[in-house]
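User: Hi! I have a structure open in front of me and would like to talk through some of its charged and exposed residues. Could you take me through them step by step?

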Amino acid sequence: MEDLCPSLSLEERIERLQIHIAAVGLNLGTPLTELEVLEFERANDVQIPEDYRAFITCIGCDGDGPPYYGLESIKSKAVREYTAHMDRVFPFSRPWLWEDGEKSDEGTYEQVKDGILYLGTDGCSMDWVLVVTGPQRGQIWQHCDVAINPGDSQNVFTWSFLDWYEDWLEKFMMGEVDLPFFQLRNRRPL
């Protein structure tokens, strides 16, 4: 999948997202400061992709999805626990289903969490991650208990963080996806 907004700069995409997010009343955590992001990067020996950095410093650090149960902050316990080896190179470029004993010629099961940043979960072990190292840096992948793949469990394609969020937001605005009941309860009034 190509950039959903190829003619817009990163700043224009962020501004457009801010307008749409405000219009539909999504709840997102207070944006992080550049210093907070730099501290996270130093502590984990990584540099997070530019579009994700812009989102968490200009729009919000966590909150209403995607993923289904909401976007996790880089400061959350879940991120710290899930992404213990963020500084290692993410070795995969293709989907891998290990459930039936399939082997990968790119890496091992022990490496499936290398070089990724946990973004959150759809539940049932369907987690979304952002690759932060290696050739796939900047791509969104789905990780579950039996497989990993770029895109989602139905489709294999590459998404940047903003492509992924914009795709979800467009579907949300069209009524094709909704927030979980506990997020609906806490929404700001329009």
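Analyst: Happy to! A salt bridge here is a side-chain nitrogen of Lys or Arg within 4 Å of a carboxyl oxygen of Asp or Glu. Please keep in mind that this is a predicted model.

User: Thanks! How many salt bridges does a search of the whole structure find?

Analyst: The cut-off for such a pair is 4 Å between nitrogen and oxygen. One pair that meets in this way is Arg 13 and Asp 163, at 2.8 Å from N to O. Searching the whole structure gives a total of 12 salt bridges.

User: Which helices do Arg 13 and Asp 163 lie in?

Analyst: The side chains of these two residues, Arg 13 and Asp 163, meet in a salt bridge. The pair ties together parts that are 150 residues apart in sequence, because Arg 13 lies in helix 1 (residues 10-24) and Asp 163 in helix 5 (residues 161-173). The names you want are therefore helix 1 for Arg 13 and helix 5 for Asp 163.

User: Is Asp 163 buried or exposed?

Analyst: Buried means under 20% relative accessible area. Asp 163 has a relative accessible area of 4%, and its partner Arg 13 has 7%. Asp 163 is therefore buried.

User: Which residues are linked with Arg 13 in a network of salt bridges?

Analyst: Let's add the other pairs. Glu 166 forms a salt bridge with Arg 13, with the closest N and O atoms 2.6 Å apart, and this pair links helix 5 to helix 1 across 153 residues. Glu 166 also forms a salt bridge with Arg 16, at 3.1 Å. Linked with Arg 13 in the network are Arg 16, Asp 163 and Glu 166.

User: Is Arg 16 buried or partly exposed?

Analyst: The range for partly exposed runs from 20% to 50% relative accessible area. Glu 166, at 6%, is buried. Arg 16 has 31% relative accessibility and so counts as partly exposed.

User: Which residues gather in a patch of negative charge on the surface?

Analyst: One member, Glu 102, sits in the loop between strand 1 (96-97) and strand 2 (116-121). Glu 102 is partly exposed, with a relative accessible area of 40%. The patch gathers Glu 99, Asp 100, Glu 102 and Asp 145.

User: Last one: which residues does Gln 47 touch, not counting those up to four places away in sequence?

Analyst: Gln 47 is in the loop between helix 2 (34-44) and helix 3 (50-58). Gln 47 is partly exposed, at 49% relative accessible area. With those sequence neighbours left out, Gln 47 touches Glu 41, Arg 53, Val 132 and Arg 137.

Methods
Residues numbered from 1 in each chain as written. Predicted model: local features only at pLDDT ≥ 70, side-chain atom pairs only at ≥ 80, totals over all residues. Heavy atoms only, no water. Helix = DSSP H or I, 4+ residues; strand = E, 2+ residues; numbered from the N terminus. Buried < 20%, exposed > 50% of the residue type's maximum accessible area, 1.4 Å probe, protein only. Contact = heavy atoms within 4.5 Å. Patch = residues over 30% accessible without salt bridge, like charges linked within 9 Å, V, L, I, M, F, W, Y side chains within 5 Å. Areas by Shrake-Rupley, 256 points an atom, 1.4 Å probe, with all protein chains shown as cover. Lys, Arg positive; Asp, Glu negative; His and termini not counted. Charge placed at Lys NZ, Arg CZ, Asp CG, Glu CD.
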